[in-house]
Amino acid sequence: MALEAMACGRPVIAAFAHGHAEFLDSSCAMPVEYELTHSRPRSGYNAYNGGLWFYPKVDSLVEQMRFLYKNPAYLETLAGNARMQAEDFTIDQFGQRMLDLLTRLGAYNPEGRTRKIKLASPKREPLVVYGPM
C-alpha cells in the first residue's frame, strides 16, 4: 500500500526493504530501521514460518513520526516527491521493466519462442522459469 499512498501525495514511513526498496528512497519516504530475522510463529498466520522476514523497530517508527509532525515543511516536500515518484510506477512501466529484465536474463525475445531458464533462489536452490522466448 506504500505506492498507493505515494500516488495520493502522501509520504511513507516504512522499511526500505523487500519490494519497498524498488520505489522508496529518502526523497519521498522516511526509513524505518528493521531487524532481518527468521519469521516468528503467529496465531493463525504461519505462511512464512521460519523464512526470513523483516521486523520494523517500533522506536524507529515513532522517531520518524515525531520528526515529520514537528517538521511540516519537510513533510510537504516528501509528499510532493512521493507523488512524482509514484508516477514512475504505472502498470505499463512495470510491464516494460519486467520485459527488460526477462530479456536481459535471456527468457524473452520478440519472436515469442519459449525457453526454460534456471535461476538461483536465495537458498541457492534452482528456480525454473518458463516464459515466452
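What follows is a chat between a biologist and a modeller about a predicted model of one protein chain.

Biologist: Let's start with the overall layout. How many helices and strands does the protein chain have, and how do the elements run?

Modeller: There are 4 helices and 6 strands. Reading from the N terminus, the order is α-β-β-β-β-α-α-α-β-β.

Biologist: And what share of the 133 residues is buried?

Modeller: Buried residues account for 23% of them. The accessible surface adds up to about 9,700 Å², with 57% of that belonging to carbon and sulfur atoms. As for contacts between residues at least 6 apart in sequence, 35% of them link residues at least 24 apart.

Biologist: On to the helix pair H2 and H3. What makes them roughly perpendicular to each other?

Modeller: The angle. Helix H2 covers residues 58-70 and helix H3 covers residues 72-86, and they pack at about 105°. Roughly perpendicular takes in angles from 65 to 115 degrees, so H2 and H3 get that label. Their axes are 5 Å apart.

Biologist: Which residues meet there?

Modeller: From H2, Phe67, Leu68, Tyr69 and Lys70; from H3, Pro72, Tyr74, Leu75 and Leu78. By class, the contact has 7 nonpolar residues, no polar ones and 1 charged.

Biologist: Leu75 is in that list, so where does Leu75 stand: buried, exposed or partly exposed?

Modeller: Partly exposed. Its relative accessible area is 27%, and that class lies between under 20% for buried and over 50% for exposed. Leu75 is found in helix H3. Not counting residues up to four places away in sequence, Leu75 touches Pro11 and Leu68.

Biologist: How far apart are the C-alpha atoms of Leu75 and Arg10?

Modeller: They are separated by 8.7 Å, though the two residues are 65 apart along the chain.

Biologist: Gln85 is another residue in helix H3. Why is Gln85 called buried?

Modeller: Buried needs a relative accessible area under 20%. Gln85 comes out at 17%, so the label fits. With residues up to four places away in sequence set aside, Gln85 touches Met6, Phe23, Asp25 and Cys28.

Biologist: Over in helix H2 there is Ser60. How do you know that Ser60 is buried?

Modeller: Same test: the cut-off is under 20%, and Ser60 has a relative accessible area of 9%, so Ser60 counts as buried. Leaving out neighbours within four places in sequence, Ser60 is in contact with Pro31, Val32 and Glu33.

Biologist: Now helix H4, residues 91-105. How do you know that its end-to-end distance agrees with what its 15 residues should span?

Modeller: You set one against the other. The expected span is 1.5 Å times one less than the number of residues. For H4 that gives 21 Å, and the end C-alpha atoms are 21 Å apart, so the two agree.

Biologist: What follows H4?

Modeller: Gly106 does, and its phi is positive, near 80°.

Biologist: One residue left: Arg97, in helix H4. Why does Arg97 count as partly exposed?

Modeller: Partly exposed sits between the buried limit, under 20%, and the exposed limit, over 50%. Arg97 has 37% relative accessibility, so that is its class. With neighbours within four places in sequence left aside, the contacts of Arg97 are Asp88 and Phe89.

Technical notes: Residues are numbered from 1 along each chain as its sequence is written. This is a predicted model: local features need pLDDT of at least 70, side-chain atom pairs count only at pLDDT 80 or more; totals for chains, interfaces and linings use all residues. Side-chain values use heavy atoms; hydrogens and water are left out. Helices (H or I, at least four residues) and strands (E, at least two) are DSSP runs, numbered from the N terminus. Axes are lines fitted to C-alpha atoms, for helices over the stretch in contact, and angles run from 0 to 180 degrees between N-to-C directions. Angles under 35 degrees count as roughly parallel, over 145 as roughly antiparallel, 65 to 115 as roughly perpendicular and the rest as oblique. Contact means heavy atoms within 4.5 Å. Ala, Val, Leu, Ile, Met, Phe, Trp, Tyr, Cys and Pro count as nonpolar, Asp, Glu, Lys and Arg as charged, and the others, Gly among them, as polar. Buried means under 20% relative accessible area, exposed over 50%, partly exposed in between (1.4 Å probe, protein chains only). Accessible areas come from the Shrake-Rupley method with a 1.4 Å probe; for residues, only the protein chains shown count as cover.
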